[in-house]
Amino acid sequence: MTDATEQTHQAWHRFTPESVEGRMLSAISTELGTSLAPRALALSSGVRAEVDGAAPDNSILVKLVPTQGTVKSAHRNRVLADMLKLTWLRTSAVPRARLVLGITEGIAPYFGVTSWPSQAAVDLGVDVYICTENGASRLIPAPDNHDT
């Protein structure tokens with residue numbers, strides 16, 4: 001196996017394409033019109049950071065929050081940590097990357113119009129996609145407020 005093939009093969013061991021995460025990533029991939037796969041990014045410092053999805057050229061980085069069932073404050077904290085990780089990776093490793101946070105319906109209330117996580121996503125340049133059985137759609141920012 002080539003290094004790139006080996007890395008992709010290893011990355012998909014985190015979750016399978018048939019899992020909730022795999023279906024979410026597939027839905028976002030379809031919505032964005034590009035192939036996305038789990039990836040580990042190596043920073044110049046030697047630190048390695050994983051994302052749940054990345055475009056082949058790292059122009060898109062994705063983190064997923066596949067919460068099902070009762071949503072608790074720990075889930076909100078995970079969402080915020082994932083937004084931080086994405087913005088840190090853009091600053092440290094992939095300066096022009098589009099950042100995407102994929103969430104399930106249970107997490108959506110944390111991204112109400114007047115919520116601070118919603119405003120933080122807008123201000124930090126993180127697109128939030130809600131993933132359902134029917135696919136993925138952009139929740140934040142509103143589709144008419146995005147350059148791409």
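# Close-up views of a predicted α/β model

**View 1. Five bridges tie strand S1 to strand S2, and the two run antiparallel.** Welcome to this predicted model; we begin at the hairpin. Within this pairing, Arg39 sits opposite Val51 of S2. Five residues lie between the two strands of the hairpin, and Gly46 has a positive phi there, near 100°. S1 is mostly covered, with five of its six residues buried.

**View 2. Six strands make an open sheet in the order S1-S2-S3-S4-S5-S6.** The pairing in this sheet is mixed. S1 and S6 are its edge strands, each pairing on one side only. From one strand to the next, the twist averages 40°. If you look between S2 and S3, you will find an antiparallel pair with two bridges. Here Ala54 faces Leu61, a residue of S3, across the pairing.

**View 3. Helix H2 lies across S1, S2, S3, S4, S5 and S6.** The helix runs at about 140° to S3. H2 covers residues 20-32, which makes 13 residues, and its first and last C-alpha atoms are 18 Å apart, close to the 18 Å expected at 1.5 Å a residue. Which residues of H2 are buried? They are Gly22, Met24, Leu25, Ala27, Ile28, Ser29 and Leu32. In an α-helix there are 3.6 residues a turn, so residues three or four places apart point the same way. The cover over the buried residues of H2 includes strands S1 (37-42), S2 (48-54) and S3 (60-65), along with S4 (98-104), S5 (126-132) and S6 (135-140). Just after the helix comes Gly33, with a positive phi near 70°.

**View 4. Ser29, a residue of helix H2, reaches toward the chain that follows the helix.** Is Ser29 buried or exposed? Its relative accessible area is 14%, so Ser29 is buried. A polar atom of the Ser29 side chain lies 3.5 Å from the backbone nitrogen of Leu36. Beyond its neighbours within four places in sequence, Ser29 is in contact with Thr34, Ser35 and Leu36. Leu36 therefore appears twice in this view, in the polar approach and among the contacts of Ser29.

**View 5. The side chains of Arg98 and Asp127 meet in a polar contact of 2.7 Å.** Arg98 belongs to strand S4. Because its relative accessibility is 18%, Arg98 counts as buried. How far apart along the chain are Arg98 and Asp127? They are 29 residues apart in that sense, while their C-alpha atoms are separated by 8.0 Å.

**View 6. Thr87, in helix H3 (residues 73-92), has contacts both within the helix region and farther along the chain.** The Thr87 side chain comes to 3.0 Å from the backbone oxygen of Leu84. With a relative accessibility of 13%, Thr87 counts as buried. Setting aside neighbours within four places in sequence, the contacts of Thr87 are Leu99, Leu124 and Val126.

**View 7. The whole protein has four helices and six strands.** Stepping back from the close-ups, you can follow the sequence through the pattern α-α-β-β-β-α-β-α-β-β. Of the 148 residues in the protein, 46% are buried. How many of the contacts between residues at least 6 apart in sequence join residues at least 24 apart? The share is 56%.

**View 8. Confidence varies along the model, from a mean of 46 in helix H1 (residues 3-11) to 96 in S3.** Those two elements mark the lowest and the highest confidence in the protein. Across the protein the pLDDT averages 85, and 86% of the residues score at least 70. Over residues 1-9 the pLDDT stays under 50, and the model gives this stretch four contacts beyond four places in sequence. Residues 144-148 also have a pLDDT below 50, with six contacts in the model beyond near neighbours in sequence.

Note on methods
Residues numbered from 1 in each chain as written. Predicted model: local features only at pLDDT ≥ 70, side-chain atom pairs only at ≥ 80, totals over all residues. Heavy atoms only, no water. Expected span 1.5 Å × (residues − 1). Buried < 20%, exposed > 50% of the residue type's maximum accessible area, 1.4 Å probe, protein only. Contact = heavy atoms within 4.5 Å. pLDDT = per-residue confidence, 0-100. Polar contact = N/O pair within 3.5 Å; in protein donor to acceptor, adjacent residues only side chain to side chain. Pairing = 2+ DSSP bridges. Axes fitted to C-alpha atoms, helices over the stretch in contact; angles between N-to-C directions.
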